[in-house]
Amino acid sequence: MDSLSSRQNPEKSETPEFKIGQRVHSVGDCRRTGTVKSDGPVEGYSGKWVGVDWDNGDGKHDGSVNGVRYFHAKSDKSASFVRPQNLSIGITLLQALEIRYKTTSTKEEEDEMYILSASNRRVSVQFLGKDKIQDKLSRFEELAAASLSYLGVSSSGPPCQIRATVPNLKELDLTGNLFSEWREVGAICDELPALTALNLTNNLLAHDIVGLPTLKNIRVLVLNHTSIKWIQVEILKHSLPAIEELHLMGNQLDAITPPSSSTVVQGFDSLRLLNLEDNCFADWNEILKLSQLKGLEQLHLNKNSLNRIWYPDCDTVHDQVIGCESVQHSYLPFKNLHCLLLGGNNIEDLTSVDSLNSFPSLKDIRLSENPIADSGKGCIPRFVFIARLAKVEILNGSEVSPRERKDCEIRCVSLSETCI
């Protein structure tokens, strides 16, 4: 454990300086992350203390100790005071690359790589070709994809070194690190001209987006669980001219807020997939603000709170769009949308289901885990959905074959005749 801790915290021997809002993790545990809320003395205790509001809520108090309030934490037990030497302010991207791809396993770590036999005895694991794989990964100039999740990365490091070290990097996963400033993200992207996919899940980035250059080659951006709001997405889109996939899961989004001069979302001309799963959308009118994204092919809305959906009236959309000074003409609403995932919402009426037939290109639909599809509540069976959805080719992840469609339609007609 000590060897791993020293490898991941090269600055451990020095007491770091802290600032309010800075992201930190516990020394020796890169997954225990939090935000600095105070830095200084604590009444009744000697020395210097850093007040941290922990992401996982596993603390001791709400920012007050013995009746004295030092800061406001997000919950009653999410904060604690920590000695500076027990916190890490992170490492650079290049240090993380060294740890992940060039550090060899210690004997202690390799001894922990085992499986249990049928007689419950430990059998050591042997990795075939391990040395060859390690050798290839350690040649950074050939590295096309890197996963640096939960390593405590907080900065790009000295200028120009990233470009010289990993010139061909195309995919970078920075999940669960310590980024708080967009300028640091921009500095990394600026040095990786080949980068097309970036994952920043579980990084709590500042709401003020400054210092971000144009990321002209980024095609896929993952911002799940980053606390981002749509107003920031509108700012980000100017730096993402080529974005094709945007993932915004788990951000408690409940509204789409275009600029004040518009009632619909504009731009994002290259956007094909928008992932809004696991958010708080309850009003379908908010989703309709996305109807003029002409390239949008996939819209993921699983695990929201939508209870009713409908296809928008084209004349109404046209009037709204033409009323915006920056828009010259309107498009058929959701004209290229072929995949709409609505699983895990609150939809319970057939009118909403029938409205899906009005979407001009829709072929892939998910309705599972809605009241209307709940087997415990007298749900609508699959054959009825298929019979009512004339264009669907994939329902709830399963392909609808021509044979199944024909059988479902015959069965539905027979059922209606029986009811008569």
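These are my notebook entries on a sheet and a pocket in this structure, which is a predicted model.

**Entry 1, the sheet as a whole.** I began with the strand order, and I found an open sheet of five strands that reads E6-E3-E2-E1-E7, with antiparallel pairing. At its edges I noted strand E6 (79-82) and E7, each of which pairs on one side only. To remind myself what pairing involves, I wrote down that strands of a sheet pair through backbone hydrogen bonds, either parallel or antiparallel.

**Entry 2, strand E1.** Next I turned to E1, which covers residues 23-26, and I asked myself whether its two faces are covered or open. Both faces turned out to be covered, since I found Arg23 and His25 buried on one side and Val24 and Ser26 buried on the other. For this I kept in mind that a residue is called buried when its relative accessible area is under 20%.

**Entry 3, the neighbours of E1.** I then followed E1 to strand E2 (residues 29-42), and I counted four bridges between the two, which pair in the antiparallel sense. Among the bridge partners in E2, I noted Gly34 for Val24 and Asp29 for Ser26. The two strands make a hairpin with two residues between them, and there I saw that Gly28 takes a positive phi near 90°. With strand E7 (residues 87-88), E1 also pairs in the antiparallel sense, here over two bridges, and I recorded Ser88 of E7 as the bridge partner of His25.

**Entry 4, from E2 to E3.** How many bridges join E2 to strand E3, which spans residues 45-54? I found seven, with the two strands running antiparallel. Gly34, which I had already met as the partner of Val24, also stands opposite Trp54 in E3. E2 and E3 form a hairpin with two residues between them, and in this turn I noted Gly44, whose positive phi is about 95°.

**Entry 5, the largest pocket.** Last, I looked for open space, remembering that rolling a probe the size of a water molecule over the atoms shows where empty space is left. The largest pocket has a volume of about 370 Å³. It is lined by 17 residues, and I listed Arg23, Thr35, Asp55, Lys74 and Leu204 as the closest to its centre. Which element gives the largest share of this lining? I found that E2 does, with four residues. When I sorted the lining by class, I obtained three nonpolar, eight polar and six charged residues. I also noted that Arg23, one of the residues closest to the pocket's centre, is one of the buried residues of E1.

Conventions
Residues are numbered from 1 along each chain as its sequence is written. This is a predicted model: local features need pLDDT of at least 70, side-chain atom pairs count only at pLDDT 80 or more; totals for chains, interfaces and linings use all residues. Side-chain values use heavy atoms; hydrogens and water are left out. Buried means under 20% relative accessible area, exposed over 50%, partly exposed in between (1.4 Å probe, protein chains only). Two strands pair if DSSP finds at least two bridges between them. On a 1 Å grid over the protein atoms alone, a cavity is a set of points where a 1.4 Å probe fits but cannot get out, and a pocket is an open set with protein on both sides within 12 Å along at least five of seven lines; lining residues have an atom within 4 Å of a point. Grid points are joined across faces, edges and corners, and a volume is the space filled by probe spheres set on the points. Ala, Val, Leu, Ile, Met, Phe, Trp, Tyr, Cys and Pro count as nonpolar, Asp, Glu, Lys and Arg as charged, and the others, Gly among them, as polar.
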